Amino acid sequence: MTETERPAAAVLAEAAEAAGYAPSVHNTQPWRWRVAGDILDLHAVRERQLRVADPEGRLLTISCGTALHHALVALATEGWSAEVTPLPDPADADHLARVRLTGRVGVTPEAMRLFQAVRLRHTDRRPVSETPAGEEALAAVERAVRAEGVQSHLLTGDQILELAAAASHADQVETEDEEQVTELAYWIGGDRPEGAGIPDAVIPSRAPETTVPGRDFVRAGTLTVGPGHDRAARYAVIYGPGDEPADWLRAGAAVSAGWLVATEHGVTVLPFSSVVELPTTRRQLREMISNVGYPYLVLRLGTADPETAGPPHTPRLPAAQTIEVVRE
Ligand SMILES: Cc1cc2nc3c(=O)[nH]c(=O)nc-3n(C[C@H](O)[C@H](O)[C@H](O)COP(=O)(O)O)c2cc1C
């Protein structure tokens with residue numbers, strides 16, 4: 001360590017703080033970080049798991065994977081390389097990953113651009129504009145997903161109609177289920193856990209007129225929705241070869257990587273997870289990818305409507321609640 005270099009623990013704590021900006025299902029932020037020397041441990045927080053919608057913890061683990069990837073992006077901008085061990089403790093399934101600093105590397109412009117995207121990225125539930133995402137941007141997003149060992153399949157026109165039917169079915173099943181609605185109400189709208197959940201300001205004030213319906217949050221928000229549709233939207237199924245926690249962690253890293261690259265290219269992203277939550281619609285998604293893997297999430301890709309104001313950033317939990325630094 002040179003005189004001007006900061007201690008590893010400070011660098012790791014800062015990376016964990018940047019990871020707080022990561023997207024998570026219903027903004028649950030189901031992660032806890034522990035910093036000790038040059039080691040950063042990522043743990044799942046089961047109290048913030050959607051026990052009804054996500055009993056297996058698939059979406060929880062995908063969410064933790066996005067945070068892990070955000071932390072690595074932050075480390076790369078500080079000029080650190082790191083080694084990641086997924087699920088390092090066979091006796092503790094909630095210990096999702098161990099990150100160890102391995103040395104100094106040069107900071108690339110690409111790393112800087114990705115880090116800038118961390119602060120810009122957000123979920124936009126408005127309809128997309130008539131200008132589709134460019135082919136080059138879509139290819140860059142796919143490359144970023146694949147670099148994490150995960151696949152992306154862009155749906156054809158007919159498959160988008162199938163997705164629309166599946167999304168509408170999943171929403172109907174979930175909104176007719178009292179336990180689902182109670183769980184949703186806990187995380188969504190005005191009365192939700194402080195620093196977490198989805199505020200009214202990012203929920204459309206009326207259901208957008210799209211072929212594929214966005215998630216029904218069972219309440220109208222205050223986000224202004226223009227007359228747009230989703231005619232120009234593309235939909236990607238993010239999938240991979242396995243359906244176990246290590247696969248979900250990788251899926252989360254891929255979602256984060258793809259979303260940050262999309263942001264860099266001016267492409268907006270809206271995840272659809274209700275179709276993954278319900279076993280029947282998850283099977284339908286599997287058929288859309290010819291049963292060659294397991295679907296983790298669907299992403300809508302498009303460009304934002306320039307006429308209406310975009311949604312604000314959602315709040316985050318204070319770092320003190322998600323990061324523990326062990327003094328040595
Ligand atoms: C695994 C996962 C699933 C998600 N599912 C949905 C969804 O079904 N519908 C939706 O509107 N947003 C969905 N989101 C977006 C989150 O609600 C969003 O990331 C969170 O509220 C934080 O807001 P931000 O992305 O603007 O920072 C999902 C995000 C993740 C990571």
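## S152 and its contacts

Start with S152, whose partners beyond four places in sequence are E142, V145, A236, V237, I238 and Y239. This is a predicted model, and in it S152 belongs to strand β5, which covers residues 151-154. The residue counts as buried because its relative accessible area is 11%, under the 20% cut-off.

## V298, another buried spot

V298 sits in strand β8, which takes in residues 294-302. Its relative accessible area is 0%, so it is buried. Once residues up to four places away in sequence are set aside, V298 touches L163, Y235, A236, V237, L270, P271, F272, V275 and L285. Two of those names may ring a bell: A236 and V237 are also among the contacts of S152.

There is a long-range pairing to look at here too. V298 and L155 are 143 residues apart along the chain, yet their C-alpha atoms are separated by 9.8 Å.

## R32 and L42

These two touch each other, and they make a handy pair to view together. R32 is in strand β1, residues 31-36, while L42 is in strand β2, residues 39-44. Buried or partly exposed, which is R32? With a relative accessible area of 32%, R32 is partly exposed, because that value falls between the 20% and 50% cut-offs. L42, on the other hand, comes out at 0% and counts as buried.

Leaving out residues up to four places away in sequence, R32 is in contact with D41, L42, H43, V45, T322 and E324. So where does T322 belong? Domain 1 is made of 8-120 plus 315-325, and T322 falls in the second of those segments. For a sense of scale, R32 and T263 are 231 residues apart in sequence, and their C-alpha atoms are 26 Å apart in space.

L42 has its own set of partners outside its four-place neighbourhood: W31, R32, W33, C64, L68, D94, H95, L96 and A97. One of them, H95, is 53 residues away along the chain, with 6.1 Å between the two C-alpha atoms.

## A8 in helix α1

A8 is part of helix α1, which runs over residues 8-19. Apart from residues up to four places away in sequence, A8 touches G37, D38 and L101. A8 and L40 are 32 residues apart in sequence, and the C-alpha to C-alpha distance is 9.8 Å.

## Two loop residues with positive phi

Most residues other than glycine have a negative phi. Which way do Q29 and N291 go? Q29 has a positive phi, near 45 degrees, and N291 also has a positive one, about 55 degrees, although it is not a glycine.

Each of them is in a loop that leads up to a strand. Q29 is found between α1 and β1, and N291 is found between α9 (279-288) and β8. Their surroundings contrast, though: Q29 has 1% relative accessibility and counts as buried, whereas N291 has 45% and counts as partly exposed.

## The two domains

The chain divides into domain 1 (8-120 + 315-325) and domain 2 (135-302). Their C-alpha centres lie 21 Å apart. How many residues of each are in contact with the other? The count is 38 residues of domain 1 against 38 residues of domain 2.

## The protein as a whole

Zooming out, the protein has ten helices and nine strands. Its C-alpha trace spans about 60 × 40 × 40 Å along the principal axes. A compact globule of 328 residues would have a radius of gyration near 20 Å, so the protein's 19 Å agrees with that. Of the 328 residues, 54% are buried. Take the contacts with a separation of 6 or more: 75% of them are between residues 24 or more positions apart.

As for the surface, the protein exposes about 14,400 Å², and carbon and sulfur atoms supply 52% of that. On the charge side, there are 30 positive and 46 negative side chains. The centres of those two sets lie 2 Å apart.

Note on methods. Residues are numbered from 1 along each chain as its sequence is written. This is a predicted model: local features need pLDDT of at least 70, side-chain atom pairs count only at pLDDT 80 or more; totals for chains, interfaces and linings use all residues. Side-chain values use heavy atoms; hydrogens and water are left out. Helices (H or I, at least four residues) and strands (E, at least two) are DSSP runs, numbered from the N terminus. The radius of gyration is taken over C-alpha atoms; the globule rule is 2.2 Å times the number of residues to the power 0.38. Buried means under 20% relative accessible area, exposed over 50%, partly exposed in between (1.4 Å probe, protein chains only). Contact means heavy atoms within 4.5 Å. Accessible areas come from the Shrake-Rupley method with a 1.4 Å probe; for residues, only the protein chains shown count as cover. Lys and Arg count as positive and Asp and Glu as negative; His and the chain ends are not counted. The place of a charge is taken as NZ of Lys, CZ of Arg, CG of Asp or CD of Glu. Domain bounds come from an automatic or database domain assignment.
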